[in-house]
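Reader: I am new to this structure and would like a close look at a single part of it. Could you choose one helix, take me through it slowly, and then show me what lies around it?

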Amino acid sequence: MNHIPAAELMRKSLILACVLGFTALTAPIAASLYWASHEALRAELDYAGSLADEMLRRSAAARQQIYLALDTLRGAARADCSDATLALMRELTMGLSYLKDVGAVREGRLVCSSMGQYRNGIALGPSDVQVSSGVQVWRDVVLPYAPGLHLNVFERDGWMVAVHPDFVFDLALHDQETTVAVLIGSPPLILQSRGPIEPLQLMNDPALTAGHAELPDHLLVRRHSAQNNLTALVAISRVGLRERMQRQALILLPLGAVAGLLLVAAVALATHRRLSLPGEIRLGLKRQEFHLHYQPVVDLRTGRCVGAEALLRWRRPEGLPMSPDLFIPAAERSGMIRAITAHVIDNALKDLPALLAMQSDFHLGINFSAQDLEADGSITQLLRGLRAMKAPAGSLVVEITERNVTDAKAAAKQIARLHDHGVPVAVDDFGTGHSSLSVLAGLELDILKIDKSFVDAIDAQAAASLVLPHIIDMAKTLSLSMIAEGVETETQADYLRERGVQLAQGWLYGKPMPLEDLLELLRTQGRAWATRGRSLPA
């Protein structure tokens, strides 16, 4: 038998101990530095993405207001400068926050606007581009009555809208080396830009393939809205990222020997926190912690409850509720939203027969996300359930928000499928998203839900209240039924009723409530209507 000399055995043991010791000392530091680098990069990209998202949101909101103003003026005579039209121009300029001016154009000259009439007209010159919707665009226009203001001007059918681009670019930037830009059309035209880099150079960079790129000197993020034909670009310098990483290295390297385990624990804790909410949602669904509340929808003419909107609630094991404003976005980001929608559909279909037994013309509204609207799964589940219970047409309404319509063709296909089975579709929170009513009209919607912000403006006599009549008139023109959201006072109800809005929901009629309370409301209502019927003279 061969024996290993003691000195050799000690030497190998010392080598193994050194390797293990070095690994134990450096692995936490290396892992922490890698994590810090990765998280710093993610934070920088998230920062750039948040800037791009905000610019795109503001640009799309400005676009919606532009088209709303142009659509509203379409009913007047071409390039009309009557007192009534001038008053309407002033209402639109005051009521739509992104608009600086609204006017009439005749033969390439601005002849009047919300600021007044111009005897000889103001020449606009040749436009920079005409976009696919037929709107002519002028960039960086200075009008004589507004010196110092560089405006973007949009014209269609003899009507002009002027927008101040600084409304979009009024952002808090970390450094002046950041380049921001908004472009329109294809090939793209720069509406506005700021920073040291040419935006078209960024747009054509071959590394920009997945919405962001890590360039040698910059981090680049692009956000595009095909529906609005807009692109937002943000390029931030890598200098700040390198400086941050150097500072972190100077702190971590000396402390690594004693803080390695703490750094590993911190990484694990941070990762747990980042991933915990989707995991809790998955566990909450398994434990049946999610349930539905229903907010009544009433007929403004009769005060009779004719439907309700199903609203998801989450009561966690410790008894504390969590706001949908927190868990719904997390579910959308993590891909859990379809599982949540499936849960809502199952519970709504389970509750619907009891409601229909109480009132045969009752309807429930349920909310669909973009993922639900543009795929087959949720709609197949909904239609299968309706067929199984032989529910009457119109007893279930699918509600979508403007931001859901990310793929108009896919959405139109699914909406047509719902219509084929007698399921109406409503657009929720209209006026707060990216889509104009003219775009939404192409989806063959049935119901328009007026956002609470416009209803609130009725009592406040705010500028937004000037836009509400135009939204109502346009909905009537498109033969859309209307539901006003957030109705809290009789003054609001009277105003909406007088203008032909059919339905309303809000705290004036009832807060979101469990199924049992809604059934009791319908039961009480049924008794009241039965008594009223008996009291009518023969």
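Author: What follows looks at one helix, then at a strand beside it, and ends with some ring pairs elsewhere in the chain. The model is a predicted one, and its chain holds 15 helices and 21 strands, with buried residues making up 48% of the 538 residues.

The helix to look at is α10, which covers residues 408–420. Its 13 residues reach 18 Å from the first C-alpha to the last, close to the 18 Å expected at 1.5 Å a residue. Within α10, the residues A410, A411, Q414, I415 and L418 are buried, and, seen down the axis of the helix, these buried residues fall within an arc of 130 degrees, so they line one face of α10. The background to such a pattern is that an α-helix has 3.6 residues a turn, so residues three or four places apart point the same way. On the other side of α10, by contrast, K409, K413 and D420 are exposed. After the helix comes G422, whose phi is positive, near 75 degrees.

The cover over the buried residues of α10 includes two helices, α8 (370–373) and α9 (377–389), together with the strands β17 and β18 (425–430). Strand β17 spans residues 396–401 and contains E399, a residue that counts as buried because its relative accessible area is 4%, where the cut-off is under 20%. Leaving aside residues up to four places away in sequence, E399 touches E309, G365, I366, N367, F368, A426, D428 and K449.

Contacts between distant parts of the sequence also appear in the chain as a whole: among contacts between residues at least 6 apart in sequence, 62% join residues at least 24 apart. Aromatic rings give further examples, and the count of aromatic pairs comes to four. In one of them, the rings of Y118 and Y145 have their centres 5.3 Å apart and their planes at 0 degrees, so the pair is stacked. This pair links Y118 in strand β3 with Y145 in the loop between β5 and β6, 27 residues apart. In another, the rings of F290 and F327 have their centres 5.5 Å apart and their planes at 70 degrees, so the pair is edge-to-face. Since F290 lies in strand β13 and F327 in helix α6, the pair ties together parts that are 37 residues apart in sequence. Both F290 and F327 are buried, and with W314 they form one aromatic cluster.

Definitions and conventions. Residues are numbered from 1 along each chain as its sequence is written. This is a predicted model: local features need pLDDT of at least 70, side-chain atom pairs count only at pLDDT 80 or more; totals for chains, interfaces and linings use all residues. Side-chain values use heavy atoms; hydrogens and water are left out. Helices (H or I, at least four residues) and strands (E, at least two) are DSSP runs, numbered from the N terminus. Buried means under 20% relative accessible area, exposed over 50%, partly exposed in between (1.4 Å probe, protein chains only). Contact means heavy atoms within 4.5 Å. The expected span of a helix is 1.5 Å times one less than its number of residues. The arc is that of the directions from the helix axis to the C-beta atoms. Rings of Phe, Tyr and Trp (its six-membered ring) pair if their centres lie within 6.5 Å; planes under 30 degrees apart count as stacked, over 60 as edge-to-face and the rest as tilted.
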